[in-house]
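Work through these exercises with the structure open beside you. Try each task before reading its solution.

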Amino acid sequence: MSSLSCIRAAIGRNRVRVAAALTLAAAACTQTPEATPDLAPQRAERGADRGSHLGRHFAERFPRRPRVAATAAAILPVVWTTPYGHGLTQAPRVHPERSVEGRELLYWVLGDGPETVLLLGGIHGDERSSAEAAYDLLAVAVADPAALAGITLVLAPEVNPDGNAARSRRNARDVDLNRNFPSRNWRGDSSAHGPGTHPASEPETRFVLALLRMHAPTRVIATHAAAACVNWDGPAEALAERMSRECGLPVEATIGYPTPGSLGSYLGVDLAVPTITFELATKEEVGAALDGVRRALLVGLLPDPENPPPALPFAGLSEPPAR
Ligand SMILES: [Zn+2]
């Protein structure tokens, strides 16, 4: 019997169970990583052999029904679709805390290389292109894990989902998240333009800080728009130049105005983590520039043999004090 016939036959015999499996899998895929620890690889006949997130979930849910697990994984490989229409075979992880308006804060962990890098998009909700570029890179990485040779990629394409929904730069409490990081230069007065009541006052900022503590990236890239440049903080000038060569956007040491409480101030200046603020040329669709943007991001994320990763500053970081 062909594999397709096997699947059809299995569906016929197990229609109700497959429907139940799909429902359970959908629920399982949105559980927090804390609630769902990494599953030991339990291999069902086929589905789990795909090595997919979904296959592992099915195998764990139906340990005595490997054919049901395999069938369900085979007929529904796409488990998450991005706002830009990319079908992904890997579901996001869900941060325990939600945005101000209650939206889930989602991220993916991809690859298994020794160096961990972090890519953040959609920090400013009116910069649609920044989320688009991050989702595009996510789709590339999920579809072609070999593209991530040497790294583990932690990717949060929409750090500010409320702002993205409202097309607003700031979050739902009118805070500019890129002025809310606990940097030494954080300022609470109006000249800081939406810094929040105190550093890391916002759940979306704490989401990013939690990713830093949990994953200790050696490089961080945040996509923004539309200053049209590759801006860098910390020991990242060479990295910015390599990215610039791929996309044609110029390297800029400063963005042209003060940014107290920014991610670059906190990570790059205070903690000396190579940090790139990748400013796209347009706030709307990336358009024809997407290919160069994708190449630049990949070059920025992949290991640079001439610049080995620095010592990690994140192990000693504690939670921001509650107020
Ligand atoms: Zn921005």
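**Exercise 1.** Are H5 and H10 roughly parallel or roughly perpendicular to each other?

*Solution.* Some ground rules come before the steps. The model is predicted: local features need pLDDT of at least 70, side-chain atom pairs count only at pLDDT 80 or more, and totals for chains, interfaces and linings use all residues. Residues are numbered from 1 along each chain as its sequence is written. Helices (H or I, at least four residues) and strands (E, at least two) are DSSP runs, numbered from the N terminus.

Step 1. Locate helix H5 at residues 128–143 and helix H10 at residues 290–301.
Step 2. Take the angle: the two pack at about 65°, with their axes 10 Å apart. Axes are lines fitted to C-alpha atoms, for helices over the stretch in contact, and angles run from 0 to 180 degrees between N-to-C directions.
Step 3. Apply the cut-offs: under 35 degrees is roughly parallel, over 145 roughly antiparallel, 65 to 115 roughly perpendicular, and the rest oblique. H5 and H10 are therefore roughly perpendicular to each other.
Step 4. Add the hand: the crossing of H5 and H10 is right-handed. That term applies if the near helix is turned clockwise from the far one by less than a right angle, and left-handed if anticlockwise.

**Exercise 2.** Find which residues of H5 meet which residues of H10, and sort them by class.

*Solution.* Step 1. On H5, pick out Ala-133, Asp-136, Leu-137 and Val-140.
Step 2. On H10, their counterparts are Leu-290, Val-293, Arg-294 and Leu-297. Two residues are in contact if their C-beta atoms, placed from the backbone, lie within 7 Å.
Step 3. Sort them: 6 are nonpolar, none polar and 2 charged. Ala, Val, Leu, Ile, Met, Phe, Trp, Tyr, Cys and Pro count as nonpolar; Asp, Glu, Lys and Arg as charged; the others, Gly among them, as polar.

**Exercise 3.** Put the strands of the open sheet in order and find its edges.

*Solution.* Step 1. Trace the 8 strands: S3-S4-S6-S5-S7-S10-S8-S9, with mixed pairing. Two strands pair if DSSP finds at least two bridges between them.
Step 2. Look at the ends. S3 (93–94) and S9 each have a single partner strand, so one side of each is left without a neighbour in the sheet.
Step 3. Place the helices. H5 packs on the sheet, touching S4 (106–110), S5, S6, S7 and S10. The direction of H5 makes about 135° with that of S7. H8 also packs on the sheet, touching S7, S8, S9 and S10. The direction of H8 makes about 165° with that of S8.
Step 4. Check one pairing. S5 and S6 (residues 151–156) run parallel, joined by 6 bridges. Leu-118 stands opposite Val-154 in S6.

**Exercise 4.** Is strand S8 enclosed, and what are its partners? Decide how many of its residues are buried.

*Solution.* Step 1. Count the residues of S8 (residues 229–233): 5 of the 5 are buried, so S8 is largely enclosed by the rest of the structure. Buried means 20 or more other C-beta atoms within 10 Å of a residue's own, exposed means 12 or fewer, and partly exposed is in between; C-beta atoms are placed from the backbone.
Step 2. Inspect both faces. Cys-229, Asn-231 and Asp-233 are buried on one side, Val-230 and Trp-232 on the other. In a regular strand the side chains alternate between the two faces of the sheet.
Step 3. Find the partners. S8 pairs with S10 (residues 275–280) in the antiparallel sense over 5 bridges. Asn-231 has Thr-277 as its bridge partner there. S8 and S9 (residues 251–252) run parallel, with 2 bridges. Val-230 stands opposite Val-251 in S9.

**Exercise 5.** Describe the surroundings of Ala-240.

*Solution.* Step 1. Ala-240 sits in helix H8 (residues 237–247).
Step 2. Ala-240 counts as buried because it has 26 C-beta neighbours inside 10 Å.
Step 3. Leaving out residues up to four places away in sequence, Ala-240 touches Val-230, Trp-232, Val-251 and Ile-276.
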